[in-house]
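Reader: I should like a close look at a single part of this model, namely the protein surface that faces the DNA. Please describe that surface and then the contacts that involve the elements around it.

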Amino acid sequence: MLIQCTSRPVRNFSACHCLSSPKRRSSYSLAVSERYSSLVKSVMSSRVSSQTPDTLQAEDEHIYGPVVKAQPPSSKPEKREPKTLHPFLISEKTLETEETESGPPVRILLKRGQGGSSAPSVTRILQQTLSPEQRFYLERWKRRMIEELGEDGFKEYSQNLFRQGKLFHSTLDDIMESGAAQEKKAPAESPEYPAEVQGYLESISHILEDVSAVRAIESTVHHDSLDYLGIVDCVARYRGVLCLIDWKTSEKPKPFLSNTYDNPIQVAAYAGALNNDGNYKYQVDHGLIVVAYKDGSPAHAHQLSSEQMLQYWRTWLLRLEKFTEQRSSHTSMDFSEKK
DNA sequence: GGATCCTTCTTCTTCTTC
């Protein structure tokens with residue numbers, strides 16, 4: 001039986017992200033039919049909490065002030081343009097990489113603190129330039145999670161998410177490096193990989209079949225003129241197209257690009273840095289965001305065209321400008337405080 | 001040797017009717 005769940009077909013209820021909690025599986029799963037799925041969903045997804053939407057709203061308003069409802073987020077797309085439109089691609093560099101594709105993938109390690117380099121990272125810039133709306137929803141989510149799990153429980157939960165993400169990445173690095181991806185061997189079947197990431201590996205196995213010519217793994221990129229840096233997950237061909245690939249793990253399904261929040265901006269920022277980094281002799285104008293799931297259901301792959309990459313590059317430049325403005329206003333404030 | 005850095009994640013919402 002196929003059940004449509006958040007626009008993603010799954011084999012059964014136990015594989016459904018919305019209904020199966022990671023802690024325990026419901027015994028209802030065998031008895032329910034599609035007819036009752038929305039009812040079951042609403043019953044099972046209700047929170048065990050004495051709070052009602054009204055009290056939550058009241059709490060939100062108490063902490064953040066009244067919610068301004070007259071600002072639908074997507075109705076006014078940001079038309080702003082960066083003050084300086086730094087190029088995404090460099091004309092001297094080539095997009096063709098045939099001659100350099102035969103060697104092993106590069107891995108440029110991060111060297112911090114050398115030569116007084118204090119370039120900010122992509123992650124830090126994105127974190128510090130979140131919109132007030134993003135901040136609000138993240139804070140609210142965190143508060144609700146703490147209400148449910150307690151401070152310590154939430155800490156454990158977050159650490160667990162990070163640990164799984166890191167383990168998935170490092171395992172994937174090993175697979176890529178050993179060339180297992182090109183051998184088209186199902187890595188999930190290999191017993192040498194940690195049990196905790198087997199589901200994620202199964203989830204991306206169909207993606208790995210389309211990945212070839214791995215050029216870089218966990219490699220540092222630095223934008224030589226804009227002076228920011230980051231660590232790229234992977235550069236490889238996906239279905240023949242050279243892409244900057246970002247691997248993600250997620251508890252919730254992310255079938256649409258819009259579900260990935262700032263990830264496309266992150267990918268464009270990395271690609272722009274790689275293109276403007278003298279250590280890389282080629283450049284990349286496509287992106288790929290792969291969202292892997294623990295239960296092994298097929299990962300979602302969001303490919304970014306060169307046009308989309310350019311669009312997100314502009315958004316990135318805006319965020320970078322915002323960051324720089326914030327930083328200069330902070331340092332001038334520090335200066336006046338010290339004075 | 002210890003401290004710090006870069007990552008790793010987390011948000012978008014609501015009912016009502018076939």
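Author: The account below begins with the surface near the DNA and then turns to salt bridges, a buried acid and aromatic rings.

This is a predicted model, in which local features need pLDDT of at least 70 and side-chain atom pairs count only at pLDDT 80 or more, while totals for chains, interfaces and linings use all residues. Residues are numbered from 1 along each chain as its sequence is written, chains are lettered from A and ligands numbered from 1 in the order in which they are written, and side-chain values use heavy atoms, with hydrogens and water left out.

DNA strand B is surrounded by 32 residues, the closest being R112, T123, K166, G230 and Y261; a residue is near the strand if one of its heavy atoms lies within 4 Å of it. Of the strand's atoms within 4 Å of the protein, 59% belong to sugar or phosphate, and the rest belong to bases. The surface residues comprise 11 nonpolar, 12 polar and nine charged. Here Ala, Val, Leu, Ile, Met, Phe, Trp, Tyr, Cys and Pro count as nonpolar, Asp, Glu, Lys and Arg as charged, and the others, Gly among them, as polar.

Individual atoms show how the strand is approached. A backbone N or O atom of S121 lies 3.4 Å from a phosphate oxygen of DNA strand B. Bases are approached as well: a polar side-chain atom of Q127 is 3.2 Å from a base nitrogen, and a backbone N or O atom of N259 is 3.2 Å from a base nitrogen. Two or more residues of this surface come from each of helix 3 (122-128), helix 4 (132-178), strand 4, strand 5 (241-249) and helix 6 (263-275). Helices (H or I, at least four residues) and strands (E, at least two) are DSSP runs, numbered from the N terminus. Helix 4 gives the most, with 10 residues.

Helix 4 also takes part in a salt bridge (a side-chain nitrogen of Lys or Arg within 4 Å of a carboxyl oxygen of Asp or Glu). E177 pairs with R107, their closest N and O atoms being 2.8 Å apart. This pair links distant parts of the chain, with E177 in helix 4 and R107 in the loop between helix 2 and helix 3, 70 residues apart. Another salt bridge joins R319 to D262, with the closest N and O atoms 2.9 Å apart. Because R319 lies in helix 7 and D262 in the loop between strand 5 and helix 6, the pair ties together parts that are 57 residues apart in sequence. R319 is buried at 9% relative accessible area, and D262 is buried at 13%; buried means under 20%, exposed over 50% and partly exposed in between (1.4 Å probe, protein chains only).

What of an acid without such a partner? D285, in the loop between helix 6 and strand 6 (286-292), is buried yet has no salt bridge, and R237, the nearest side chain of opposite charge, is 8.9 Å away. Its side chain instead makes a polar contact of 2.8 Å with the side chain of H286.

Finally, there are the aromatic rings. A search of the whole structure finds eight aromatic pairs. The ring centres of F136 and Y137 are 5.3 Å apart and their planes stand at 70°, so the pair is edge-to-face.

How values were computed. A polar contact is a pair of N or O atoms within 3.5 Å; within protein, one must be able to donate a hydrogen and the other to accept it, and residues adjacent in sequence count only if both atoms are side-chain atoms. Rings of Phe, Tyr and Trp (its six-membered ring) pair if their centres lie within 6.5 Å; planes under 30 degrees apart count as stacked, over 60 as edge-to-face and the rest as tilted. Lys and Arg count as positive and Asp and Glu as negative; His and the chain ends are not counted.
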